[in-house]
Amino acid sequence: MELRFTDEQRQIVEMVTEFVDEEVVPVAGEIDQTDDFPHELVDELAELGLMGMPFPEEYGGSGLDYHAYPAALAEIARGSGGLGTIVAAHTSLAGNMLYAFGTEAQKEQYLTPVAAGTDIGAFALSEAGAGSDVSAMETVTERDGDGYRINGGKLWISNGSVADTVVLFAKTDADAGSKGISSFIVRPEEDEGFMVEGTEDKLGDKGCPTAELRFDDLWVSADRRLGKEGDGFVQALKTLNGGRITIAARAIGIAQAALDEAINYSQERDQFGQSIADFQAIQHKVADMDTKTRAARLLMHDAADKKIRGVNFIKEAAQAKLYASEVSREVANEGIQIHGGYGYTKDYPAERFYRDAKLNEIYEGTSEVLRNTIAQHLLE
C-alpha cells in the first residue's frame, strides 16, 4: 500500500486545510450554538468542487480517489463536525447510491447536480423501529400505474430537511424481509406527499439537520427506482460499507482538532510556575492522543486502499470506523482533561469536540454491530 500522496492529492488536501482554517474554524462555534444549516459554507464547498469529490468530472464531480477524498473530509470535520456529516451524508451515501446503482439517465439528471453541490442529497434508510435491523422497516410501496405509491416514515435522516434529492428505501414486498426492500429517488419539492415532521435537538453534530420524514401517498414514477425491485438492502449495505471509511475520516478530523487544541492550551496554561506542557503527565496524554489518531488514520487509508483496488474491504472498513470512532471520543475526552475546568465550559471548543465525537460510535453502524461484522469475517 502506497501511503505517500501524489503532488495533486497533497495540493487538494492543503487547499481544503487552508479553506477550513480561514472559513470554517472561525464560525464553528457559531454553527454549534445556532444549529443553523451553514448554507454559505456549503455553497463555498461546492464552488471548490468539494461536494462531489469522488465522482467523475463528467457527472460534476472532482474525480478524487478514496485516499484524497477521506483525507479532505477529515479536514472539513476538523473545522466542524456537523459540516463533516453534511458532506459525508450528501456524498458517501446519497451520491454514491446514485453513482453506483443509477442508470446513465439517472446519473445525468440527479447525480450531476448532487456532485456539483447545487442540490443537497440525503439517504433515508433508518426508522424508529428499524435502525440496525434494517429489514424491520415499515415504509411500504404499492404499484400505482407506471409508478409507486409510498407510505411510511423515516427517522435520523441527515440533511433530511434541506435535501433536494433523497434516496429513499421502502418495501415493495412487505413479506419478503430484507429481500423485499427497494430504493427510489425522491424530490421533496416536486413530489406531493413528502413531509418533514421536524428535526432533532442533538447533543452535537450541530448544523447538520437530522430530520424525521413522513410519506403520505407519495407517488414516484418507476424510472425513479434504483436497480431492480428487491435490490435495496444489498445496495444499502454496499453504500454503508464505503461510508464507514468517511465516518472514520470525520472521527479522525475531530480527534485532530481536539489534539491541536489540547497542545495549544497546554503550552499557554501556566501552573506551579511553568507551562503545563512541561509536566510529564500532560506530555504522555498528548503522546497517546497523537499515536491513536495516527493509527486511526492508517486504518482508514488501509480500507481505502482495498476499496480502490476492488478487493473485499468490509472488515477493514468496519475496523477503521470502529477504531477511529472510539479514538475520537477518547482523544476528545483527554482534551477536556487537559483543559481542566475550562474544558467543561463553552469558553473553549474542547467540550464541542467531545459532543461531536460521540456520534461516530452510533451512526452508520454502531460499535457493537461493527464488532459483530469483524468477528464474522474472522470466523468464517
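**Salt bridges, strands and cores**

Visitor: How far apart are the closest N and O atoms where R187 forms a salt bridge with E190?

Guide: Happy to help, and please keep in mind that this is a predicted model. R187 and E190 form a salt bridge. Between their closest N and O atoms, the gap is 3.3 Å.

Visitor: Is R187 buried or exposed?

Guide: The cut-off for buried is under 20% relative accessible area. E190, the partner, has 53% and therefore counts as exposed. R187 has 15% relative accessibility, so R187 is buried.

Visitor: Which residues are linked with R187 in a network of salt bridges?

Guide: The bridge from R187 to E190 belongs to a wider set of links. That network of salt bridges takes in R187 along with D119, E190, D191 and R224.

Visitor: How many salt bridges does a search of the whole structure find?

Guide: One of them joins D201 to K206, with the closest N and O atoms 3.2 Å apart. In that pair D201 is exposed, at 71% relative accessible area, while K206 is buried, at 11%. Over the whole structure, the number of salt bridges found is 24.

Visitor: The side chains of R250 and D205 meet in a salt bridge too; how many residues apart in sequence are the parts that this pair ties together?

Guide: The N to O distance in this bridge is 3.1 Å. R250 sits in helix 6 (residues 232-268) and D205 in the loop between strand 6 (194-199) and strand 7 (210-221), so the pair ties together parts whose separation in sequence, in residues, is 45.

Visitor: Are R250 and D205 buried or exposed?

Guide: The test is relative accessible area: over 50% would be exposed and under 20% is buried. By that test, both R250 and D205 are buried.

Visitor: Which residues point the other way from I181, S183 and I185 in strand 5?

Guide: Strand 5 (residues 181-186) is mostly covered, with six of its six residues buried. In a regular strand, side chains alternate between the two faces of the sheet. I181, S183 and I185 point one way, and pointing the other way are S182, F184 and V186.

Visitor: Which residue stands opposite S183, in strand 8?

Guide: Strand 5 has an antiparallel pairing over six bridges with strand 4 (residues 165-171), where K171 stands opposite I181. With strand 8 (residues 225-226), strand 5 also pairs in the antiparallel sense, over two bridges. There, the residue opposite S183 is L226.

Visitor: At roughly what angle do the axes of helix 3 and helix 4 cross?

Guide: Helix 3 (residues 68-79) and helix 4 (residues 81-101) have axes that come within 6 Å. Residues including Y69, L73 and I76 of helix 3 meet residues of helix 4, among them L83, V87 and T91. The residues of this contact divide into seven nonpolar, five polar and no charged. The axes cross at roughly 145 degrees.

Visitor: Which residues touch the most other members of the largest nonpolar core?

Guide: In soluble globular proteins, nonpolar side chains tend to be buried together. Here the largest nonpolar core has 43 residues, and those that touch the most other members are L45, M53, I76, L83 and I245.

Visitor: How many residues are in the second, separate core?

Guide: The largest core draws at least two residues from each of several helices, among them helix 1 (7-34), helix 7 (280-309) and helix 8 (314-339). The second, separate core includes M97, V114, V134 and V167, and its number of residues is 21.

Terms used: Residues are numbered from 1 along each chain as its sequence is written. This is a predicted model: local features need pLDDT of at least 70, side-chain atom pairs count only at pLDDT 80 or more; totals for chains, interfaces and linings use all residues. Side-chain values use heavy atoms; hydrogens and water are left out. Axes are lines fitted to C-alpha atoms, for helices over the stretch in contact, and angles run from 0 to 180 degrees between N-to-C directions. Helices (H or I, at least four residues) and strands (E, at least two) are DSSP runs, numbered from the N terminus. Contact means heavy atoms within 4.5 Å. Ala, Val, Leu, Ile, Met, Phe, Trp, Tyr, Cys and Pro count as nonpolar, Asp, Glu, Lys and Arg as charged, and the others, Gly among them, as polar. A salt bridge is a side-chain nitrogen of Lys or Arg within 4 Å of a carboxyl oxygen of Asp or Glu. Buried means under 20% relative accessible area, exposed over 50%, partly exposed in between (1.4 Å probe, protein chains only). Two strands pair if DSSP finds at least two bridges between them. A nonpolar core is a set of buried Ala, Val, Leu, Ile, Met, Phe, Trp, Tyr and Cys residues joined through side-chain atoms within 4.5 Å.
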